[in-house]
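Let's take a friendly look at a few residues and the company they keep. Have the sequence and the 3D view open as you read.

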Amino acid sequence: MERCCKKHNRPYSDQRFEVDTVLKYSAMAAMSTAMPNLAQISIRPFRGEHLIRYSNGEEPNQSLAANTINRITFVTFPRTISRFRKLRVLELEYAPLNGRYPFLFDFPLLDTLRIEKCIHLKWDLGMLRGMP
């Protein structure tokens, strides 16, 4: 019993969930209600699935929005990720986000926010007001 508990009570740094396929996105959506205590998520582009995109944020780049209008859109992205209220690490690496997503900065326990090469993500310092 003790060995089993040690195996499943790992520190949050070992519990990364990487979203880079449609299947993993679907799993994240299910986990957002079944396991809302997930502490670390990495959002990346969908590998090999070029006809899919995340929903546009507020004030999206209109040119990009027009070029990707025929792609399948995950409109639940904001609602899905915002359910993880105990999120401590959020990584956005080449994430295909377009516009402002204020909810990305509204996690009370967030220790690490890494944004890398998200060229169409819009944000300003005012969005960081609630960050610890």
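Here is a short tour of two strands and a pair of rings.

This is a predicted model, where local features need pLDDT of at least 70, side-chain atom pairs count only at pLDDT 80 or more, and totals for chains, interfaces and linings use all residues. Residues are numbered from 1 along each chain as its sequence is written, and side-chain values use heavy atoms, leaving out hydrogens and water.

Start with Glu93, found in strand E5 (residues 89-93). Strands (E, at least two residues) are DSSP runs, numbered from the N terminus. The side chain of Glu93 meets that of Arg44 in a polar contact of 2.8 Å; such a contact is a pair of N or O atoms within 3.5 Å, and within protein one must be able to donate a hydrogen and the other to accept it, while residues adjacent in sequence count only if both atoms are side-chain atoms.

Setting aside neighbours within four places in sequence, Glu93 also has Glu116 among its contacts (contact means heavy atoms within 4.5 Å). Glu116 sits in strand E7 (residues 112-116), and its C-alpha atom is 6.1 Å from that of Leu92, though 24 residues separate the two along the chain.

Now for the rings: the structure holds one aromatic pair. Tyr101 and Phe103 form it edge-to-face, 5.8 Å centre to centre with 85° between the planes. Rings of Phe, Tyr and Trp (its six-membered ring) pair if their centres lie within 6.5 Å; planes under 30 degrees apart are stacked, over 60 edge-to-face, and the rest tilted.

How buried or exposed are these residues? Buried means under 20% relative accessible area, exposed over 50%, and partly exposed in between (1.4 Å probe, protein chains only).

| Residue | Relative accessibility | Class |
|---|---|---|
| Tyr101 | 1% | buried |
| Phe103 | 17% | buried |
| Glu116 | 29% | partly exposed |

Definitions and conventions. Helices (H or I, at least four residues) and strands (E, at least two) are DSSP runs, numbered from the N terminus.
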